[in-house]
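Here are some short exercises to work through with the model open in your viewer. Try each task before you read its solution.

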Amino acid sequence: MAVNVALVGLGKMGLSHLAIANALDQFNVVAMCDTSGIVGGVLSKYTKIPFEEDFDKLIALPGLQAVIIATPTTTHDWMSRKAVEHGLHVFCEKPLTLASSVSREIAAAADAKGLVTQVGYHNRFIGTFGEVKKLIEAGAIGKVTHVQAEAYGPVVLKRAKPTWRGKAGGGGGCLYDYAAHPLNLLNWYFGETKVASGALLKSGFSAEVDDEVYASLGFEDGITGQISVNWSDPSVRKMTTRITVWGTGGRIYADRQEIQVFLTGTAPIPDGYRTGWSTKYITELTPPVSYYLRGEEYSAQMEAFRDAILAGKGAAENSFASAAVTDASIEMIRGSAQDGGAIGSFGVTEGTPRKAGLVGRMLGR
């Protein structure tokens with residue numbers, strides 16, 4: 001059995017997803033769509049994949065079962081909604097939408113139809129970050145107390161005419177485009193963000209959007225966190241994401257290449273680890289993929305989407321409902337930065353003088 005899938009959006013991510021989907025067994029790419037007829041025509045000529053410039057006509061193609069959406073964020077809501085209405089499984093690039101309430105609404109509609117939904121938070125498919133989750137759930141470092149999430153990259157290093165990623169109101173900026181990734185990891189590990197405070201959205205080269213994001217966060221069970229993201233950092237060659245987790249029984253540090261774990265022995269020690277420092281590398285934590293492009297995680301997430309459809313069990317990892325939680329985290333950080341206070345998960349806003357009191361109440365202190 002093969003899944004008939006179409007791809008929408010022929011930019012950088014769209015071309016990557018197209019190449020992977022077209023190479024995977026049990027995926028049959030039946031069409032592609034973009035607003036540029038020139039790009040679509042050239043690709044269609046050489047790939048022999050039919051091109052359709054009209055999205056409505058694309059999702060109405062007979063036999064179509066799934067769609068991959070890799071378009072600017074402002075289009076995600078209506079495209080995902082229409083695809084779900086047509087009974088199609090949907091893989092959508094991140095962030096899902098610009099409003100968590102809209103994301104939850106679309107997620108609920110897809111769940112009601114038993115459709116598979118997935119959002120492109122590829123870090124969940126990187127072995128080191130997956131190992132962090134396993135160690136936390138195993139209680140290896142005891143009770144988690146604090147976490148720091150970082151992401152740095154050389155995306156905007158000079159003033160230039162912005163693309164949609166650099167325009168206000170269009171889902172552009174470091175918060176939406178970069179910080180969403182480490183935020184999603186935090187939500188994967190610890191659930192919903194309960195409070196965001198002290199947020200700073202700083203612009204350097206970009207005229208309309210933020211280039212740096214800093215904020216303090218709070219989660220269930222008194223877990224506190226900090227996020228530090230800068231996409232105007234020339235010291236790194238490409239996006240670099242790091243997670244550090246402290247607990248009563250040790251510490252975990254992970255990036256794309258390795259995970260370093262310090263255990264005191266006061267909590268259960270998982271197989272493969274010992275008291276003191278242990279290090280594992282991505283090469284021993286990454287299962288093989290059937291087709292490699294850019295990194296195993298990009299193929300792995302597409303394989304997961306395909307496998308969930310074939311299993312017929314509805315939403316899987318990185319579902320729309322899961323992505324809506326990260327959309328809400330983004331809203332909290334933006335709200336905190338705008339109001340100069342603390343934003344809680346119930347939309348409560350407090351000014352700077354009462355910030356500590358709110359944070360304390362939200363974290364049960």
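## Exercise 1: an unusual backbone angle

Gln26 is partly exposed, with a relative accessible area of 38%; on this scale buried is under 20%, exposed is over 50%, and partly exposed is in between (1.4 Å probe, protein chains only). Before going on, some ground rules: this is a predicted model, where local features need pLDDT of at least 70 and side-chain atom pairs count only at pLDDT 80 or more, while totals for chains, interfaces and linings use all residues. Residues are numbered from 1 along each chain as its sequence is written, and side-chain values use heavy atoms, with hydrogens and water left out.

Task: find where Gln26 sits, and check its phi.

Solution. Step one: Gln26 is in the loop between helix 1 and strand 2 (27–33). Helices (H or I, at least four residues) and strands (E, at least two) are DSSP runs, numbered from the N terminus. Step two: the phi of Gln26 is positive, about 70°, although the residue is not a glycine. Most residues other than glycine have a negative phi, and most peptide bonds are trans.

Now do likewise for Lys48. Its phi is near 70°, again a positive value in a residue other than glycine. Lys48 belongs to the loop between helix 2 and helix 3 (55–59), and is exposed, at 68% relative accessible area.

## Exercise 2: a cis bond

Task: is the peptide bond from Lys94 to Pro95 cis or trans?

Solution. Read omega: it is near -20°, and the bond is cis. Then place Pro95, which lies in the loop between strand 4 (89–92) and helix 5 (100–112).

## Exercise 3: hunting disulfides

Task: how many disulfides does a search of the whole structure find?

Solution. Take the cut-off, a pair of cysteine sulfur atoms within 2.5 Å. The search comes back with 0 disulfides. Cys33 is in none, and the nearest cysteine sulfur, that of Cys92, is 14 Å away. Finish with accessibility: Cys33 is buried at 3% relative accessible area, and Cys92 is buried at 0%.

## Exercise 4: two helices crossing

Task: describe how helix 1 (residues 12–23) and helix 9 (residues 296–311) pack.

Solution. Start with the axes, which are lines fitted to C-alpha atoms, for helices over the stretch in contact, with angles from 0 to 180 degrees between N-to-C directions. The two axes come within 10 Å and cross at roughly 65°. Next, list the contacts (heavy atoms within 4.5 Å): Met13, His17 and Ile20 in helix 1 meet Tyr298, Ser299, Gln301 and Met302 in helix 9.

## Exercise 5: the nonpolar core

Task: which residues of the largest nonpolar core touch the most other members?

Solution. A nonpolar core is a set of buried Ala, Val, Leu, Ile, Met, Phe, Trp, Tyr and Cys residues joined through side-chain atoms within 4.5 Å. The largest has 74 residues, and Phe190, Val245 and Ile333 touch the most other members. Its largest share, 12 residues, comes from helix 7 (residues 174–190). Now zoom in on Ile333: leaving aside neighbours within four places in sequence, its contacts include Leu175, Leu183, Ala196 and Val213. There's also a second, separate core of 22 residues, with Val3, Ile20, Leu24 and Ala66 among them.
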